[in-house]
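Please open the model in your viewer and keep the sequence panel beside it, since each stop below begins with a selection to make.

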Amino acid sequence: MLSTLLVIFAPFIFLIENGYHLYSSLTGSPGIAILLTSATFSIAVFPLQRWSKRFESKIALRLKAATEDISKLDKGLKGEARFNEIEKIYVKNEYHPIHSIALGLSFFVTIPFLIASLLLFNQSDILAGAQFLFIQDLQMPDGTLSLGSLSINILPLMLFIFTFLDAMVRYKDNRSIMHRFMFVSVVLTFLVYSMPAGLLLYWIGANLMSFIIYWVSTSLAAK
């Protein structure tokens, strides 16, 4: 399974690895190199995200219109008769329930780079012994806080906060998607808690840059 993933995402792994080496040679800092690499690919994927967001908005409007029409149906309408009327409403609004899969598409277009970074930083020794700020080894969990014999990783909690806030802002007009991504952020925190600090740093940088781009583009569009 792992070898299959490595083959599928090889082009993305190649891009991230070479981007990291380039920035590392320019800055001399592994941590800054990771952040610059994540920012670079967040900017690169933004045009696709913007298109995806527009598509999401169209689907959301169609769903809203269809839902409003369905709410106006006679409450006494049951069974096949109700089903047929709902189908007519879907056709009228150019909507089909399968379209709901597209909601959140702007997030999923980033998945290839997130998986590639996971495979690179979690399966290689590219960051072994590298230090950044309070992190002694980017190849290991950060273990920033110590409570007796208990070591607490801060970066997964930071990733959770960024993902949670991003979902609140980005999907404030669609609570179903917001709640979906809040749930994802909780699950993700548990899944990545013990992963290398360098990987978490990459994902935090990617989330932060994606949010900045979204906020700037939304502000400019509003003006």
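Begin by selecting helix H2, which covers residues 10-27, together with H6, and look along the place where the two pack at an angle of about 70 degrees, their axes lying 8 Å apart. Because angles of 65 to 115 degrees count as roughly perpendicular, H2 and H6 are therefore described as roughly perpendicular to each other. The crossing in which H2 passes H6 is right-handed. To display the contact itself, show the side chains of Phe12, Ile13, Leu15, Ile16 and Glu17 on H2, and on the side of H6 those of Pro112, Phe113, Ala116, Ser117, Leu119, Leu120 and Phe121. Coloured by residue class, this contact of H2 with H6 divides into ten nonpolar residues, one polar and one charged. Keep in mind throughout that the model is a predicted one.

Stay on helix H2 and select Gly19, which is found in that helix. Is Gly19 buried or exposed? Gly19 counts as buried, because its relative accessibility of 13% falls under the 20% limit. If you then add Thr40 to the selection and draw a distance between the C-alpha atoms, the pair should read 8.4 Å in space, although Gly19 and Thr40 are 21 residues apart in sequence.

Next, zoom out to the whole protein chain, where nine helices and two strands can be coloured separately. Followed from the N terminus on, the elements run α-α-α-α-α-α-β-β-α-α-α. Of the 223 residues in the chain, 38% count as buried, and among contacts between residues at least 6 apart in sequence, 68% join residues at least 24 apart.

Now select Gln139, in the loop between helix H6 (111-123) and strand E1 (145-147). Gln139 is buried, with a relative accessible area of 13%. Where does the side chain of Gln139 reach? It reaches the backbone oxygen of Phe121, at 3.4 Å, and Phe121 is also one of the H6 residues in the contact with H2 seen at the opening stop. Expanding the selection around Gln139, and leaving aside neighbours within four places in sequence, brings up contacts with Phe121, Ser124, Asp125, Ile126, Leu127, Ala128 and Pro196.

From the loop, move to Pro156 in helix H7, which spans residues 155-170. Pro156 is buried, at a relative accessible area of 1%. Beyond residues up to four places away in sequence, Pro156 touches Asp142, Thr189, Val192, Tyr193 and Leu200. A C-alpha to C-alpha distance drawn from Pro156 to Leu201 comes to 9.0 Å, for two residues that are 45 apart in sequence.

Select Val186 after that, in helix H8, residues 175-192. Val186 counts as partly exposed, because its relative accessibility of 35% lies between the limits of 20% and 50%. Its C-alpha atom is 9.5 Å from that of Ile161, and 25 residues separate Val186 and Ile161 in sequence.

Finish with Asn207, which is found in helix H9, residues 197-222. Asn207 counts as buried at 16% relative accessibility. Which residues should be added to the selection to show what Asn207 is in contact with, leaving aside its neighbours within four places in sequence? Add Leu159 and Thr163, which are in contact with Asn207.

Key. Residues numbered from 1 in each chain as written. Predicted model: local features only at pLDDT ≥ 70, side-chain atom pairs only at ≥ 80, totals over all residues. Heavy atoms only, no water. Helix = DSSP H or I, 4+ residues; strand = E, 2+ residues; numbered from the N terminus. Buried < 20%, exposed > 50% of the residue type's maximum accessible area, 1.4 Å probe, protein only. Contact = heavy atoms within 4.5 Å. Polar contact = N/O pair within 3.5 Å; in protein donor to acceptor, adjacent residues only side chain to side chain. Axes fitted to C-alpha atoms, helices over the stretch in contact; angles between N-to-C directions. Parallel < 35°, antiparallel > 145°, perpendicular 65-115°, else oblique. Left-handed = near helix turned anticlockwise from the far one by under 90°. Nonpolar A, V, L, I, M, F, W, Y, C, P; charged D, E, K, R; others polar.
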